[in-house]
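The following exercises are to be worked with the sequence and the model side by side. Each task is followed by a solution in steps.

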Amino acid sequence: MADPWIVTTEPLREAQRDRVRVRQFALSIEDGPDRGLEALSAGDRVTIGTHEIANVRLTDRSVSRFHCELELGERGVILRDLGSRNGTLVDDVPVITAPLRDGAVVAIGTSKLRFRHHAGHAEIPLAPVERFGRLVGGSAAMRAVIAELARVAPSETTILLAGETGTGKELAAESIHAASPRANAPLLVVDCGALPPDLLDAELFGHARGAFTGADTERAGIFEAAAGGTVLLDEIGELPLALQPKLLREIEAREVRRLGETAYRPVNVRVIAATHRDLRSAVNDQRFRADLYYRLAVVEVRLPALRERHDDLALLVDAIIDQLHAADHPLLSTLRAPSFRDALAQHAWPGNVRELRNYVERCLALRAPVPPSAQTTPIDPAPSSAEPLERARERWVRVFEHAYLTDLLGKHDGNVTAAARAAGVDRAHLYRLLWRNGLK
């Protein structure tokens, strides 16, 4: 499946395919405080708002910080409202998501913008390789990501990794750390959604002895423990508002204050944040501080969903087989057959690469290629009494759990808190189940 946003690959010689050309589009402000302003896209997406890092920054006070986004896709340019305060209209029709025709008028706040297709092209650099650390991908979408990650890895820049659950954000962080001058120091990970606020505070910043019930000894937080290295703040969108100023201070001043103490301690770490949420919508809703988002998104890299990079399926399956040390498995020829891989491309893969890995692992374990479209239902071969009871039971429990959790997450758009509430379980317990089933 070709990358829909590519026009041509330049230059034409195989050894020099180091960039792609994408169609540009133009915006002209026809009404509002910024009337007369014109902008031209420089990539495949443009964000409009009043925040200083918006691609098209307006001064209209009735426009949200991140009001809407235009993205070049398979069917042209798609506009998406980012949870703005007062909505977005296209040709006088309120929309959440809508394709834009040439000449369409987009109304946000008191401003009106005219959308036009443009004859020019913007160039996006591509990496000349298909791997960056543990990340694998030969499609243009992934090689663009690899090029950007490789460019920023040697720096001290704070990075925000965005993308759906299972797209490889933690692998990207590991790969950045390994390619940085901090590679010989620790990379420590905190899941901001897996702990209640009081425990998360202590986990991040540490605590003094007696700071709270059960604090029998003093303890360094993640930022101190990772001295000289990197801290990955996974699911940063779940960070409680009360802790966001403390994190902002750590990033800006490079110092932390432990719970129960008054003095600040210097820290030396690089921060990488990851989220499956759109933090721009959270900023608009005042669930996430705009100044913290600004500091985290110095470089923001979006990892594409697997449905956007079907060209990578064969490469990914081979990489997963290698990681599972299954080169001699009797099912290997089936997993590498063109018909099997064509079937993989027909599946939506809502769990992305993590779901693909889990699926390949299940096929190898069961010695049977369950159709991808049917993997959410327990249609595996009937249990055999030839295997021990505990092993058979565990296999069927995993089949059930994976099917249940995949359906649960799908119904709640990946929101673990809402999913836990619907399932009637504690959020931390649900996180453990998701990790065990390769869904988190």
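## Exercise 1: Backbone angles

Glutamate 235 is buried, with a relative accessible area of 3%. The model from which this value is computed is a predicted one.

**Task.** State where glutamate 235 is placed, and give the sign of its phi. Then treat arginine 254 in the same manner.

**Solution.**

Step 1. Glutamate 235 belongs to the loop between strand 17 (230–234) and helix 5 (244–253).

Step 2. Its phi is near 50°, a positive value in a residue other than glycine. Most residues other than glycine have a negative phi.

Step 3. Arginine 254, likewise not a glycine, has a positive phi of about 55°. This arginine 254 is located in the loop between helix 5 and strand 18 (255–256).

Step 4. The cut-offs for burial are under 20% for buried and over 50% for exposed. Because its relative accessible area is 27%, arginine 254 is partly exposed, whereas glutamate 235, at 3%, is buried.

Step 5. A glycine may be added to the list: glycine 424, just after helix 13, takes a positive phi of about 75°. Within helix 13 (residues 416–423), Val416, Ala418, Ala419 and Ala420 are buried.

## Exercise 2: Helix 1

**Task.** Compare the span of helix 1 with the expected value, and decide from its buried residues how far the helix is enclosed.

**Solution.**

Step 1. Helix 1 covers residues 140–152, 13 residues in number.

Step 2. From first C-alpha to last, helix 1 reaches 19 Å, close to the 18 Å expected at 1.5 Å a residue.

Step 3. The buried residues of helix 1 are Ala140, Ala141, Met142, Arg143, Ala144, Val145, Ile146, Ala147, Leu149 and Val152.

Step 4. Since 10 of the 13 residues are buried, helix 1 is largely enclosed by the rest of the structure.

## Exercise 3: Aromatic rings

**Task.** Classify the ring pair of phenylalanine 66 and tyrosine 293 and that of phenylalanine 205 and phenylalanine 223. For each pair, state which parts of the chain are joined.

**Solution.**

Step 1. The structure holds 5 aromatic pairs. A pair of aromatic rings is described by the distance of the centres and the angle of the planes.

Step 2. Phenylalanine 66 and tyrosine 293 are 5.1 Å apart centre to centre, with 80° between the planes, and the pair is edge-to-face. The pair links distant parts of the chain, 227 residues apart: phenylalanine 66 lies in the loop between strand 5 (56–57) and strand 6 (68–73), and tyrosine 293 in helix 7 (residues 290–296).

Step 3. Phenylalanine 66 counts as buried at 2% relative accessibility, and tyrosine 293 counts as buried at 2%.

Step 4. Phenylalanine 205 and phenylalanine 223 form a stacked pair, with 5.7 Å from centre to centre and 25° between the planes. Phenylalanine 205 lies in helix 3 (residues 197–205) and phenylalanine 223 in helix 4 (residues 222–225), so the pair ties together parts 18 residues apart in sequence. Both phenylalanine 205 and phenylalanine 223 are buried.

Step 5. Ring pairs also link Phe340, Trp349 and Tyr359 into a cluster.

Step 6. A ring may also face a charge: the charged end of arginine 249 sits over the ring of tyrosine 264, 3.9 Å from its centre.

## Exercise 4: The second largest pocket

**Task.** Describe the second largest pocket by its volume, its lining and the character of the lining residues.

**Solution.**

Step 1. The volume of the second largest pocket is about 630 Å³.

Step 2. The pocket is lined by 29 residues, of which Arg134, Gly168, Leu171, Arg354 and Arg357 are the closest to its centre.

Step 3. Two or more lining residues come from each of strand 14 (135–136), helix 2 (169–178), helix 8 (313–323), helix 11 (352–366) and helix 14 (427–436). Helix 11 gives the most, with 5 residues.

Step 4. By class, the lining has 9 nonpolar, 8 polar and 12 charged residues.

## Exercise 5: Separation in sequence and in space

**Task.** Set the sequence separation beside the C-alpha distance for valine 46 and phenylalanine 25, and for aspartate 34 and aspartate 60.

**Solution.**

Step 1. Valine 46, in strand 4 (residues 45–49), is buried with a relative accessible area of 6%. Valine 46 and phenylalanine 25 are 21 residues apart in sequence, and their C-alpha atoms are 9.6 Å apart.

Step 2. Aspartate 34, in the loop between strand 2 (19–31) and strand 3 (38–40), is buried with a relative accessible area of 13%. Aspartate 34 and aspartate 60 are 26 residues apart along the chain, with 7.2 Å between their C-alpha atoms.

Definitions and conventions: Residues numbered from 1 in each chain as written. Predicted model: local features only at pLDDT ≥ 70, side-chain atom pairs only at ≥ 80, totals over all residues. Heavy atoms only, no water. Helix = DSSP H or I, 4+ residues; strand = E, 2+ residues; numbered from the N terminus. Expected span 1.5 Å × (residues − 1). Buried < 20%, exposed > 50% of the residue type's maximum accessible area, 1.4 Å probe, protein only. 1 Å grid on protein atoms, 1.4 Å probe; cavity = no way out; pocket = protein on both sides within 12 Å on 5 of 7 lines; lining within 4 Å. Points joined across faces, edges and corners; volume = space filled by probe spheres on them. Nonpolar A, V, L, I, M, F, W, Y, C, P; charged D, E, K, R; others polar. Phe/Tyr/Trp six-rings, centres within 6.5 Å; stacked < 30°, edge-to-face > 60°. Lys NZ or Arg CZ within 6 Å of the ring centre and 35° of its normal.
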